[in-house]
Amino acid sequence: QVQLVESGGGLVQAGGSLRLSCAASGRTFSTFTMGWFRQAPGKEREFVARINWRGDNTYYSDSVKGRFTISRDNAKNTVYLQMNSLKPEDTAVYYCAASIRSIPTTTQYTYWGQGTQVTVSS
């Protein structure tokens with residue numbers, strides 16, 4: 001089992017920045033591909049970014065590319081999402097997730113956190 005706990009959400013003005021953290025406990029964190037997803041009210045959960053187990057390969061959705069950066073610290077069992085130039089449309093609950101697959105689809109993430117709210121005001 002892997003437990004994931006997100007933190008760092010909050011209210012920020014458009015153009016501002018936030019850094020989300022996801023702390024993992026349980027099975028060996030460094031073996032997992034980690035992803036960030038988000039879900040806005042009335043919308044489906046969408047992929048945001050992922051990072052491989054070594055931290056040297058990342059992938060982003062087009063909507064956040066160039067503004068968000070995913071990183072991880074395997075010594076601290078933590079994955080981060082640095083969000084810059086935030087827009088009102090980034091408002092959502094953000095979730096981290098873990099998968100044993102190297103390039104997982106959304107349904108192949110086995111472990112999920114409870115989410116942290118990010119609200120961007122205009």
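Me: What makes a contact a salt bridge?

Reply: A salt bridge is a side-chain nitrogen of Lys or Arg within 4 Å of a carboxyl oxygen of Asp or Glu. Keep in mind that we are looking at a predicted model. By this rule, the count here comes to 5 salt bridges.

Me: Why is the contact of Arg38 and Glu46 called a salt bridge?

Reply: The N to O distance between the side chains of Arg38 and Glu46 is 2.6 Å. The cut-off is within 4 Å, so the pair qualifies as a salt bridge.

Me: Are Arg38 and Glu46 buried or exposed, and how do you know?

Reply: Arg38 has a relative accessibility of 5%. Buried means under 20%, so Arg38 counts as buried. Glu46 has a relative accessible area of 33%. That value falls in between 20% and 50%, so Glu46 is called partly exposed.

Me: Which salt bridge does Arg38 form with Asp90, and what does the pair tie together?

Reply: The side chains of Arg38 and Asp90 meet in a salt bridge at 2.9 Å, N to O. Arg38 lies in strand β4, while Asp90 sits in the loop between β8 and β9, so the pair ties together parts that are 52 residues apart in sequence.

Me: What makes Asp90 buried?

Reply: The relative accessible area of Asp90 is 1%. The limit for buried is under 20%, so Asp90 belongs in that group.

Me: How do you know that Arg67 forms a salt bridge with Asp90?

Reply: The closest N and O atoms of Arg67 and Asp90 are 2.7 Å apart, and that is within 4 Å, so the contact fits the rule. Arg67 is in the loop between β6 and β7, and Asp90 is in the loop between β8 and β9, 23 residues apart. Both Arg67 and Asp90 are buried. Put together, Arg38, Glu46, Arg67 and Asp90 are linked in a network of salt bridges.

Me: Why is the link of Cys22 to Cys96 called a disulfide?

Reply: The S to S distance from Cys22 to Cys96 is 1.9 Å. A disulfide needs sulfur atoms within 2.5 Å, so this pair passes. A search of the whole structure finds 1 disulfide. Cys22 is in strand β3 and Cys96 in strand β9, 74 residues apart.

Me: What makes the disulfide of Cys22 and Cys96 right-handed?

Reply: The torsion about its S-S bond is about 50 degrees, so the disulfide of Cys22 and Cys96 is right-handed.

Me: Are Cys22 and Cys96 buried or exposed?

Reply: Cys22 has a relative accessible area of 0%, and Cys96 has a relative accessibility of 0%. Buried means under 20%, so Cys22 and Cys96 are buried.

Technical notes: Residues are numbered from 1 along each chain as its sequence is written. This is a predicted model: local features need pLDDT of at least 70, side-chain atom pairs count only at pLDDT 80 or more; totals for chains, interfaces and linings use all residues. Side-chain values use heavy atoms; hydrogens and water are left out. Buried means under 20% relative accessible area, exposed over 50%, partly exposed in between (1.4 Å probe, protein chains only). Helices (H or I, at least four residues) and strands (E, at least two) are DSSP runs, numbered from the N terminus.
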